[in-house]
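Student: I am new to this protein and would like a close look at one part of it. Could you walk me through it slowly?

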Amino acid sequence: VVSEFCFTLYHDVYATPNFLGHIFKVIAYGFLFRGVVLRGLRAPYDSIFAELQKSAVRDSLTGLYNRFGFLQIAQREMDAAAGKPGALIGVLMADLDKFKHVNDTFGHLAGDCVLVQFARILTASVGPADTVARLGGDEFVILLPGADGEKASTVADIIRQQMRAWTQQSETAAGLDVSIGMAPWMPDIGGDLDTLLREADDAMYKEKESKRTQTAPAGPGPE
């Protein structure tokens with residue numbers, strides 16, 4: 001606008017208004033280039049970069065955090081709790097029982113739907129400060145900052161209840177169950193993240209093995 005106003009005062013090619021008009025026009029083109037052209041060129045790259053950042057920490061199927069994302073969050077929570085005496089962190093490791101039967105009977109697409117629904121059950125069973133992640137396959141993990149053994153057990157019970165309600169209503173999920181292992185962490189006791197996850201994983205497999213033992217057919221009795 002200022003540029004065009006200067007040009008209206010133009011009466012000589014060497015006059016000041018003509019000179020100022022060109023100066024303001026160059027400035028206007030500069031703002032136009034930065035505000036429109038560069039922003040338009042930069043926006044796709046910003047979008048791509050944001051998508052790459054998200055895919056680095058998120059599971060593409062369920063939308064939960066993946067292993068990499070979970071490890072970052074869990075380590076950050078442990079580091080923050082390390083200087084707080086009496087701080088607690090609980091971990092639940094959850095694995096679907098007989099999930100292979102779903103893939104073999106209904107196909108892998110149905111299996112993916114089962115994993116998505118199970119992820120929803122886990123997310124609905126925890127609080128906003130907790131973190132749910134898919135480690136891979138049908139294995140999931142939950143981080144419970146500030147949770148003692150009682151709270152972790154309560155969350156595990158809620159998951160089992162929601163699981164039973166779902167499997168009773170779904171033909172695809174019928175026969176599925178969930179095995180859950182719990183492990184606590186306290187800065188006073190110490191131990192790293194790998195140890196905490198291994199303890200939760202061991203507890204989960206103990207529960208899974210206990211179910212197999214209970215459902216195994218009895219062998220021949222003593223003669």
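Student: Does F118 count as buried or exposed, and at what relative accessibility?

Tutor: Happy to help! F118 counts as buried, because its relative accessibility is 0% (buried means under 20% relative accessible area, exposed over 50% and partly exposed in between, with a 1.4 Å probe and protein chains only). This is a predicted model, in which local features need pLDDT (confidence per residue, from 0 to 100) of at least 70 and side-chain atom pairs pLDDT 80 or more, while totals for chains, interfaces and linings use all residues. Residues are numbered from 1 along each chain, and side-chain values use heavy atoms, without hydrogens or water.

Now for the partner of F118. The structure holds one aromatic pair: F118 and F140 meet edge-to-face, 5.1 Å centre to centre with 80 degrees between the planes (ring centres of Phe, Tyr or Trp, the last by its six-membered ring, within 6.5 Å; planes under 30 degrees apart are stacked, over 60 edge-to-face, the rest tilted). F118 belongs to helix α5 (residues 108–124) and F140 to strand β3, so the pair ties together parts 22 residues apart in sequence (helices are DSSP runs of H or I, at least four residues, and strands of E, at least two, numbered from the N terminus). F140 counts as buried too, because its relative accessibility is also 0%.

From F140 we can follow the strand. Its bridge partner is R134, and β3 (residues 139–145) pairs antiparallel with β2 over five bridges (pairing takes at least two DSSP bridges). Both strands belong to an open sheet of four, ordered β2-β3-β1-β4.
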